[in-house]
Amino acid sequence: MNLATSLGAAALPNPVLTASGCAAAGRELEPFAPVASLGAVVTKSVTLRPRAGRPTPRMAETPSGMLNSIGLQNPGVAAFLAHDLPWLAERGARAVVSIAGGSVADYAALAARLADAPALVALEVNISCPNVESRGEVFACDPLAASRVVAAVRAETPAGIPVLAKLSPDVTDIVSVARACVDAGADGLTLINTLLGMVIDPVTLRPRLGGVTGGLSGPAIRPVAVRCVWQVHAALPAVPILGAGGIRTGADALEFLLAGASAVSVGTAVFGDPSAPVRVLAELSELLAGHGFGSVGEVVGYAHRPAGEERPAPPPPAPDPGPAPPMSVGAGSGRPAWRLGGEDW
Ligand SMILES: Cc1cc2nc3c(=O)[nH]c(=O)nc-3n(C[C@H](O)[C@H](O)[C@H](O)COP(=O)(O)O)c2cc1C
């Protein structure tokens, strides 16, 4: 199985990455699987200056997902450059560095600081941030504002480093935002960031998150994410897409590739199972082989094929080797490792 894929000029050995904000810069995952074995590590969004984030509590469990209002807590780009990227480079890992800001100038300055950073294979532009120069309107919700950020980042970034614009699903027409970003120079798109949500505690009778609203992630958002990937791939088939949203199994990842993603990011699933990205990769590889695909490239967008164009039936499964050991959190718990609490993720 040829698992190699690419996001623009970034060649990746396989299509499974972490998602921004769910594995910091990869250190926490290393005890479970070498970060160099992943397609790439997408790092937590970094800002020009350190940020403390929003008030606690910052996370709340929801049916098949979670809400977070971390508020871009991060050490700032100087500390990130000093500590995190060298650590990834030493391990031979690839870094997709996520950047965030409150103005076009912030994004441009970050791109300039990162231009020759070690381990960097792509920049992911998190435009789900309030634009401080435009009444706090989120960049990703306005094609013009989104395109200005992308153009500024592209101008500061070396040609060999692709710029991926990460879009928000909280828009009426995601294709128009995607098109504006590509026209402004984005080499690829990450789809999707979290959906804006809120939970109110029935005991305290107040919002459960300190920041009141938060981003919804996990399996609950997967159908929204797959729909976004499908629509954008249908409209812009040549543009590479990094898919994200509720991926916790190889079958979930396959859905994104079939919809048109060239690679996927695993986010929320990592909190319940830090080995989720490597497990997803192993499961995906087995599924692709089972369907008779020889490479990742063959499956990207395959669900868009014309009616009647079918693959030969996959070969019959190998004889059953007997019961598999349960995938459990702890000895004898018998619970799948991605399940937390009473919810199904
Ligand atoms: C706790 C948490 C923090 C996140 N932080 C960021 C971030 O800093 N930048 C960003 O672009 N996305 C961030 N995200 C969004 C994820 O990268 C991802 O797009 C989204 O959660 C959907 O994928 P998932 O359902 O697999 O988590 C965060 C998500 C979570 C759950």
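## Talking through a predicted fold

Student: Let's start with helix 3, residues 143–156: what distance between its end C-alpha atoms is expected, and what does the model give?

Tutor: Happy to, bearing in mind that this is a predicted model. Helix 3 has 14 residues, and the rule allows 1.5 Å a residue, counted over one less than the number of residues. The expected span is therefore 20 Å, and the distance between the end C-alpha atoms agrees with it, at 20 Å.

Student: Which elements do the buried residues of helix 3 pack against?

Tutor: The buried set includes Ala145, Ala146, Val149, Val150 and Val153, and Arg148 and Arg154 belong to it too. Two of the packing partners are strands, strand 8 (120–126) and strand 9 (163–167). The other partners are helix 2 (104–114) and helix 4 (174–183).

Student: Now helix 8, residues 276–290: how far does it reach from its first C-alpha to its last?

Tutor: Helix 8 has 15 residues, and 1.5 Å a residue gives an expected 21 Å. The reach in the model is close to that, at 21 Å.

Student: Which residue just after helix 8 takes a positive phi?

Tutor: Helix 8 itself has buried residues, among them Leu281, Leu284 and Leu288. They belong to the set that packs against strand 3 (16–18), helix 6 (250–259), strand 14 (263–266), helix 7 (269–272) and helix 9 (296–299). Just past the helix, phi is about 85 degrees, and the residue is Gly292.

Student: Which residue in strand 12 is the bridge partner of Leu196?

Tutor: Strand 12 (residues 214–217) pairs with strand 6 (residues 65–68) in the antiparallel sense over three bridges, and there Leu67 stands opposite Leu216. Strand 12 also pairs with strand 11 (residues 195–197), again antiparallel over three bridges. In that second pairing, the partner of Leu196 is Gly215.

Student: What radius of gyration does the protein have, and what would a compact globule have?

Tutor: The protein contains nine helices and 14 strands, and its C-alpha trace spans about 60 × 50 × 45 Å along the principal axes. For 345 residues, a compact globule would come out near 20 Å. The protein agrees with that estimate, with a radius of gyration of 20 Å.

Student: Which residues around the ligand are the closest?

Tutor: The shell around the ligand holds 26 residues. By class, nine are nonpolar, 15 polar and two charged. The closest are Gly21, Ser45, Ser217, Gly267 and Thr268.

Technical notes:
Residues are numbered from 1 along each chain as its sequence is written. This is a predicted model: local features need pLDDT of at least 70, side-chain atom pairs count only at pLDDT 80 or more; totals for chains, interfaces and linings use all residues. A residue is near a molecule or strand if its C-beta atom, placed from the backbone, lies within 6 Å of it. Ala, Val, Leu, Ile, Met, Phe, Trp, Tyr, Cys and Pro count as nonpolar, Asp, Glu, Lys and Arg as charged, and the others, Gly among them, as polar. Helices (H or I, at least four residues) and strands (E, at least two) are DSSP runs, numbered from the N terminus. A residue is buried if 20 or more other C-beta atoms lie within 10 Å of its own, exposed if 12 or fewer, and partly exposed in between; C-beta atoms are placed from the backbone. Two residues are in contact if their C-beta atoms, placed from the backbone, lie within 7 Å. The radius of gyration is taken over C-alpha atoms; the globule rule is 2.2 Å times the number of residues to the power 0.38. Two strands pair if DSSP finds at least two bridges between them.
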